[in-house]
Amino acid sequence: MNNPMPTSSQPLKIGTRGSPLALAQAHETRDRLMAAHNLPENAFDICVIKTTGDDRTLIDADIALKTIGNKGLFTKEIEEAMIAGDIDIAVHSTKDMPVEQPGGLVLDVFLPREDVRDAFVSLKYKTISDLPVGATVGTSSLRRRAQLMAKRPDLNMVEFRGNVQTRLTKLENGVADATFLAVAGLNRMDMKSVPAHAIAPEDMLPAIAQGTIGIEYRADDTHTAKLLAAIHHTETGQRLDAERAFLAALDGSCETPIGGLALIEGDQIWLRGEILSPDGAKVFKDETRVPVGQAAKGGRALAAELLEQAGPDFLTAH
């Protein structure tokens with residue numbers, strides 16, 4: 001942009017997926033920028049971009065994400081639009097983001113983190129322990145599937161995709177007895193009526209960066225970088241420095257179930273992490289505490305420790 005500030009005639013173009021949650025996150029980003037810079041709503045243009053992961057045919061057929069690419073499924077087309085100059089920024093669920101961005105793009109602006117927990121969702125049962133032997137649980141998450149199988153190998157796991165509304169309809173239709181959703185998404189959409197019960201991180205470690213909105217932009221767009229700096233949440237960024245370094249060191253593009261969560265306690269980062277075999281039969285977990293300024297270093301060190309425990313072939317053996 002040639003103008004430091006967006007205007008109604010030259011709005012800042014915000015790229016996003018079209019799901020209700022993605023739009024809620026784009027609106028939150030826009031509203032925070034409006035407040036930070038005293039700008040009107042028409043100084044922003046929210047541009048919906050369909051991604052491969054949004055293909056209705058794949059969702060309805062419950063095609064497993066890993067069979068069509070997994071990482072990047074919800075970002076590729078949006079990033080291509082930004083590289084082409086069709087949009088100025090992209091708003092993402094950071095947990096969907098690969099650890100490396102395409103050349104010329106930067107992901108280093110994060111909004112204040114929402115609730116990090118997973119939610120157990122069922123029309124029949126309140127908790128995982130209430131599920132009877134042989135009950136069917138639907139999820140498209142490799143992590144959630146492995147974590148649940150580690151606790152309850154007696155359960156029947158099925159692929160389960162779609163937005164919140166789609167998944168609830170599948171529960172009503174008896175496709176599964178239960179599923180999981182992120183508490184953050186339910187909160188952002190104010191869906192208090194969903195029969196959801198939050199699971200403590202001690203019982204189910206969340207996905208890397210769960211609950212975080214990340215904003216991506218072009219590395220050479222200094223005007224936009226300055227605009228975004230005003231809404232970046234430093235503490236969230238520090239926590240993600242640790243978590244995403246942990247993921248990167250484990251190769252975030254692999255199909256190994258990975259969980260991780262960083263918290264800040266005083267001047268320390270407390271990072272917990274785990275890697276699992278897809279069937280949940282093997283679980284390796286550990287934690288570390290490092291100074292906040294060494295968050296990324298701590299993430300890499302914890303990854304190295306888990307890989308040492310699991311053995312050199314763990315990431316490729318599954």
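Which residues of the largest nonpolar core touch the most other members? In this predicted model, the answer is F246, I258, I269, L271 and I275, out of a core of 24 residues. Several elements contribute: strand 4 (105-110), helix 8, strand 11 (258-265), strand 12 (268-276), strand 13 (283-291) and helix 9 each provide at least two core residues. Helix 9 gives the most, with 5 residues. A look at I275 shows what surrounds one of these well-connected positions. Setting aside neighbours within four places in sequence, I275 is in contact with L250, T256, P257, I258, K282, V283, F284, L306, L307, A310 and F314. Another core lies apart from this one and has 18 residues, including I14, V91, L111 and Y217.

Strands 11, 12 and 13 also belong together in an open sheet, in the order 11-12-13 and with antiparallel pairing. Strand 11 and strand 13 each have a single partner strand, so one side of each of these edge strands is left without a neighbour in the sheet. From one strand to the next, the twist averages 15 degrees. Strand 11 and strand 12 run antiparallel and are joined by 8 bridges; L261, for instance, has R272 in strand 12 as its bridge partner. Two helices can be followed onto this sheet. Helix 4 (residues 142-151) packs on it, touching strand 11, strand 12 and strand 13, and its direction makes about 75 degrees with that of strand 12. Helix 8 touches strand 11 and strand 12, with a direction at about 145 degrees to that of strand 11.

Helix 8 (residues 234-249) also meets helix 9 (residues 295-310): their axes come within 7 Å and cross at roughly 35 degrees. The crossing is right-handed. On the helix 8 side, the contact involves Q238, D241, A242, A245, F246 and A249, and these meet A295, A296, G299, R300, L302, A303, L306 and L307 in helix 9. The residues of this contact divide into 10 nonpolar, 2 polar and 2 charged.

A further open sheet has 5 strands in the order 7-6-8-5-9, with mixed pairing. Its edges are strand 7 (156-158) and strand 9 (196-199); each has a single partner strand, so one side of each lacks a neighbour in the sheet. Here the twist averages 30 degrees from one strand to the next. Within this sheet, strand 5 (residues 118-121) and strand 8 (residues 178-182) run antiparallel, joined by 4 bridges, and F120 stands opposite F180 in strand 8. Helix 5 (residues 164-172) packs on the sheet and touches both strand 5 and strand 8, its direction making about 165 degrees with that of strand 8.

Methods
Residues are numbered from 1 along each chain as its sequence is written. This is a predicted model: local features need pLDDT of at least 70, side-chain atom pairs count only at pLDDT 80 or more; totals for chains, interfaces and linings use all residues. Side-chain values use heavy atoms; hydrogens and water are left out. Axes are lines fitted to C-alpha atoms, for helices over the stretch in contact, and angles run from 0 to 180 degrees between N-to-C directions. A crossing is left-handed if the near helix is turned anticlockwise from the far one by less than a right angle, and right-handed if clockwise. Contact means heavy atoms within 4.5 Å. Ala, Val, Leu, Ile, Met, Phe, Trp, Tyr, Cys and Pro count as nonpolar, Asp, Glu, Lys and Arg as charged, and the others, Gly among them, as polar. Two strands pair if DSSP finds at least two bridges between them. A nonpolar core is a set of buried Ala, Val, Leu, Ile, Met, Phe, Trp, Tyr and Cys residues joined through side-chain atoms within 4.5 Å. Buried means under 20% relative accessible area, exposed over 50%, partly exposed in between (1.4 Å probe, protein chains only).
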